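Student: I would like to learn how to read a model like this one. Where do we begin?

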Amino acid sequence: MADRPRFGPAGVPAAFREKKAVLADVPKLLHDEGLDAFEYPAVRWGAKPQIKRENAKELSLKAGENDIWLSLHGSYFMNFCGEKEVVEASKNRLIACATAAEWMKAHVVVFHPGFYGKRTSKEALEDCSEALADVAEKMKMLGIEKVKLGPEIMGRLSQFGGLDEILSLCEEVEQTQPVIDWAHIHARDRGRLKTVDDFRKVVEEIEKRLGTDALMNMHCHFAKIEFTEKGEKRHHTINETEYGPDFTLLARVIAEFELKPVIISESPILDVDAIKMRDILREELKS
Ligand SMILES: [Zn+2]
């Protein structure tokens, strides 16, 4: 569990890529910016880890030296409530991601659980629970014990993954941790997060369902978001006042409950907005 609120980008920031930084340089560059988390993007992976074990270990080593908390965002190509072959392929992809996460000592593998298709919420939940229980079992057999599976709250109404569904999944399957994507909650419920109390209700729900530890150590995604009646449309930067949600409101709740979340910036300007959010929280903790 994180020792304090931590901030970092989802993937390698553009400025680092312009400097021709390699993966092993990323932890130091983040540390130099005063950031302390990094979500490694494995979003296009197939059935095998697409990072060499030695490179994953090197990232882990550098992350340790620079006090960077690692997570891994799994492949987008997964659906645990689809047809049988799709679910089987998805299980293999998730296991590949968990294997690489273990190599790099990442704490959680974030993933998108799937699409309803013709299934009801209840049917999709049953399918996801069953598939993930298999994945958790396989991880145990492989000796992957420290990595958590992190189903993410999703922003589109066609996607399985409302707050209630993700909490249910985490109640049912071992070795899981919900990934609280605030932008997705906002988009899915078309503008739900407007006041401090709207945020408070979400954290209280997490605590009620999964307990205080789960609440204290949330793994979060944050960005501003544009949505339509179908939910998520696109992410925006923190400075774009016409879009929500407002990070200041979450910062107040973090301060009030003394939470220690890991907050991954999914803004179009990844690290720049991670720094802004860190500073907003610092101000909030002072007052
Ligand atoms: Zn995601």
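The dialogue below goes from the whole chain to the sheet, a hairpin and the metal site.

Tutor: One caution to begin with: this is a predicted model. Now ask.

Student: How many helices and strands does the chain have?

Tutor: Eleven helices and twelve strands.

Student: How do I read the radius of gyration of the chain?

Tutor: Set it against the globule rule. Here the radius is 18 Å, close to the 19 Å that the rule gives for 287 residues, so the chain is as compact as a globular protein of that length. The C-alpha trace spans about 50 × 45 × 35 Å along its principal axes.

Student: What share of the residues counts as buried?

Tutor: Buried means under 20% relative accessible area. Of the 287 residues, 55% count as buried.

Student: And what do residues 24 or more positions apart contribute to the contacts?

Tutor: Take the contacts with a separation of 6 or more. Residues 24 or more positions apart account for 77% of them.

Student: What is the strand order in the open sheet of four strands?

Tutor: The order is β2-β3-β4-β6, and the pairing is parallel. β2 (37-41) and β6 stand at the edges. Each has a single partner strand, so one side of each lacks a neighbour in the sheet. On average, neighbouring strands of this sheet are turned by 30° against each other, direction ignored.

Student: Which residue stands opposite H73?

Tutor: V110 in β4. Strand β3 (residues 69-73) pairs with β4 in the parallel sense, over two bridges.

Student: Parallel or antiparallel: how do β10 and β11 run?

Tutor: Antiparallel. Five bridges join β10 (residues 224-228) to β11 (residues 231-236). The two form a hairpin with two residues between them. Within this pair, E226 stands opposite R234 in β11.

Student: Now the metal. Which protein atoms are the donors of the zinc ion?

Tutor: H73 and H112 each give NE2, and E152 gives OE twice. These donors lie 2.1 to 2.7 Å from the zinc ion. In sequence the donor residues are spaced H-x38-H-x39-E. H112 and E152 link distant parts of the chain, 40 residues apart. H112 sits in the loop between β4 (108-111) and β5 (114-115). E152 sits in the loop between β6 (148-151) and β7 (159-160).

Student: Why is the site of the zinc ion called irregular?

Tutor: Check the angles. Four donors count as tetrahedral if all angles lie between 85 and 135 degrees. Here they run from 52 to 148° among the four donor atoms, and the site is irregular.

Student: Why do H112 and E152 count as buried?

Tutor: Apply the cut-off of under 20%. H112 has 16% relative accessibility, so it counts as buried. E152 has 1%, so E152 counts as buried too.

Definitions and conventions
Residues are numbered from 1 along each chain as its sequence is written. This is a predicted model: local features need pLDDT of at least 70, side-chain atom pairs count only at pLDDT 80 or more; totals for chains, interfaces and linings use all residues. Side-chain values use heavy atoms; hydrogens and water are left out. Donors are N, O and S atoms within 2.8 Å of the metal (3.2 Å for Na, K and Ca); water is not among the atoms, so sites may look incomplete. Four donors count as tetrahedral if all angles lie between 85 and 135 degrees; four count as square planar and six as octahedral if opposite donors are over 155 degrees apart and all others between 65 and 115; anything else is irregular. Buried means under 20% relative accessible area, exposed over 50%, partly exposed in between (1.4 Å probe, protein chains only). Two strands pair if DSSP finds at least two bridges between them. Axes are lines fitted to C-alpha atoms, for helices over the stretch in contact, and angles run from 0 to 180 degrees between N-to-C directions. The radius of gyration is taken over C-alpha atoms; the globule rule is 2.2 Å times the number of residues to the power 0.38. Contact means heavy atoms within 4.5 Å.
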